[in-house]
Structure formats: structure tokens, C-alpha cells
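Hello,

Here is the structure I promised to pass on to you. Please have a look at it first, and then read on for what I found.

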Amino acid sequence: MTAVAKGLAAGLMSLAVWAGAAPGALCQDLKVVGLDGVEKTLSASAIKALPRARAEVRWGEQASVYEGAKLAAVLRAAGVPVGARLHGDPLMAYVVAEGADGFKAVYSLAEVDDAFHAGATVLADTVDGRPLPDKQAPFRVVAAPDSKPWRSVHSVAKLTVKSAK
């Protein structure tokens, strides 16, 4: 990176912090690695335009409603076989959701697909009608059918699809 580019990047980060944005809020692209090993990048605006759903998560007695793109729709946009294409070998595939802090959780492709599984798994960008808090932004994977929220990955930076075959 050139000195000019470094200076520009530092200036943008300073402006974002001054404006109250989280330092990571400027980088809202999501990397998705398909079964073929090819990495695709989806922009936040492209993800926002995908079919959306809500998922409720209970933290003891308290519940929060997360909303965002259906995870299956995000994967489809990246070329991953879901929906009518999810049969045969792809049924042995799973998604590793990775947060910026290195935390990872696994979801089977069938588990995130409406045709196979009741309950929504979403790549959330809002909670209780508001943007995600800085610590969780830009995206959080939330699976509505989970009885406990421990698999919910915040600050999602990458989704990697792998096969158990």
C-alpha cells in the first residue's frame, strides 16, 4: 500500500470514528467460499436486497428479534447449491460462519434451507428494529430454532462451505 493510500485509509477511519461509526463499519463486504473453493465477495447492499427473514433468540428470559437476509439466499447469491439444487452430494455440505474475533460455528446446508428445515437462519443486520450494535456488526448469523444462542456468530466476516464427504 502506498503512503497516499495509507493516509487516505487512516483519514477515512478517523472520519468514521468521529462520526460515531464502528471502525469495521466501513468494511461491510462478506466473503463467501463455495464448495468449489472459489471465493466471492458480496457487498452489504447486495445482501440487503436478498429475501429477508426474522429469527428470535432468547437470552434467558429476554428475547431479541434479529432480521436480515436468509442465509440460504446469501449462499445462493454466491453460487452455493441450495433450494432445488440441494440434493445428492451437496446434502453432505456445511457452512462455517467465522466472526472477526475468530469464533466459528457450523450449520448444515439443509439446516439453513427453508425447503428442508422449519425456522429461519438469517444473516442479520438489525436487532429489535435497530442496526446491530458495533460489537455485532456488520452481520450476525442467527438460527431461530436453536434453544440456546451459543452458535450465533457476530461480526461475521466470512462464510466457508465445505463437504463432509
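To start you off: is S155 buried or exposed? S155 is buried, because its relative accessible area is 11%. You will find S155 in the loop between strand 10 (153–154) and strand 11. Its backbone deserves a look too: S155 is not a glycine, yet it has a positive phi of about 55 degrees. Most residues other than glycine have a negative phi, and most peptide bonds are trans.

Before going further, please keep in mind that this is a predicted model. The average pLDDT of the chain is 85, and 84% of the residues score at least 70. Confidence is lowest in helix 1 (residues 3–18), where the mean is 39, and highest in strand 8 (residues 130–131), at 98. Over residues 1–26 the pLDDT stays under 50, and for this stretch the model has 9 contacts beyond four places in sequence.

Now for the overall picture. The chain has 4 helices and 11 strands. It counts 165 residues, of which 39% are buried. Among the contacts with a separation of 6 or more, 56% are between residues 24 or more positions apart. The chain exposes about 8,900 Å², with 59% of that supplied by carbon and sulfur atoms.

Next, the sheet. Five strands form an open sheet in the order 2-1-11-5-6, and the pairing is mixed. Strand 2 (39–42) and strand 6 are at the edges with a single partner strand each, so one side of each has no neighbour in the sheet. On average, neighbouring strands here are turned by 20 degrees against each other, direction ignored. Inside the sheet, strand 5 and strand 11 run antiparallel and are joined by 7 bridges. If you would like a pair to locate, Y94 has K162 in strand 11 as its bridge partner.

There is also a hairpin to look at. Strand 3 (residues 52–59) pairs with strand 4 (residues 62–70) in the antiparallel sense, over 8 bridges. W59 stands opposite Q62 in strand 4. The hairpin has 2 residues between its strands, and G60 takes a positive phi near 70 degrees there. S64, also in strand 4, is buried, with a relative accessible area of 9%. Leaving out residues up to four places away in sequence, S64 touches A55, E56, V57, W59, V127 and D128.

That last contact, D128, is found in the loop between strand 7 and strand 8. D128 has a positive phi near 50 degrees and is a residue other than glycine. At 36% relative accessibility, D128 counts as partly exposed. T126 belongs to strand 7 (residues 121–127) and is buried, at 16% relative accessible area. Beyond four places in sequence, T126 touches R52, V65, Y66, E67, P131 and L132.

Which residues have the most contacts inside the largest nonpolar core? They are L30, V74, L75, L109 and L159, in a core of 30 residues. Several elements supply at least two residues each, including strand 1 (30–33), strand 5 (93–99), helix 4 (109–112) and strand 11 (156–163). The largest share, 4 residues, comes from helix 3. Looking past its neighbours within four places in sequence, L109 is in contact with L75, V80, P81, V82, L86, P90, A93, Y94, V95 and V161. Another core lies apart from this one; it has 10 residues, among them A55, V57, V127 and V142. In soluble globular proteins, nonpolar side chains tend to be buried together.

Two of those residues, A55 and V142, turn up again in the contacts of A120, along with A53, R54, A143, A144 and P145, once neighbours within four places in sequence are left aside. A120 lies in the loop between helix 4 and strand 7 and is buried, with a relative accessible area of 15%. A120 and L71 are 49 residues apart in sequence, while their C-alpha atoms are 8.4 Å apart in space.

One last detail concerns the backbone: the peptide bond from A137 to P138 is cis, with omega near 5 degrees. P138 is in the loop between strand 8 and strand 9.

Enjoy exploring, and do write if you have questions.

Best wishes

How values were computed. Residues are numbered from 1 along each chain as its sequence is written. This is a predicted model: local features need pLDDT of at least 70, side-chain atom pairs count only at pLDDT 80 or more; totals for chains, interfaces and linings use all residues. Side-chain values use heavy atoms; hydrogens and water are left out. A nonpolar core is a set of buried Ala, Val, Leu, Ile, Met, Phe, Trp, Tyr and Cys residues joined through side-chain atoms within 4.5 Å. Buried means under 20% relative accessible area, exposed over 50%, partly exposed in between (1.4 Å probe, protein chains only). Contact means heavy atoms within 4.5 Å. pLDDT is the predictor's confidence in each residue, from 0 to 100. Accessible areas come from the Shrake-Rupley method with a 1.4 Å probe; for residues, only the protein chains shown count as cover. Two strands pair if DSSP finds at least two bridges between them. Axes are lines fitted to C-alpha atoms, for helices over the stretch in contact, and angles run from 0 to 180 degrees between N-to-C directions.
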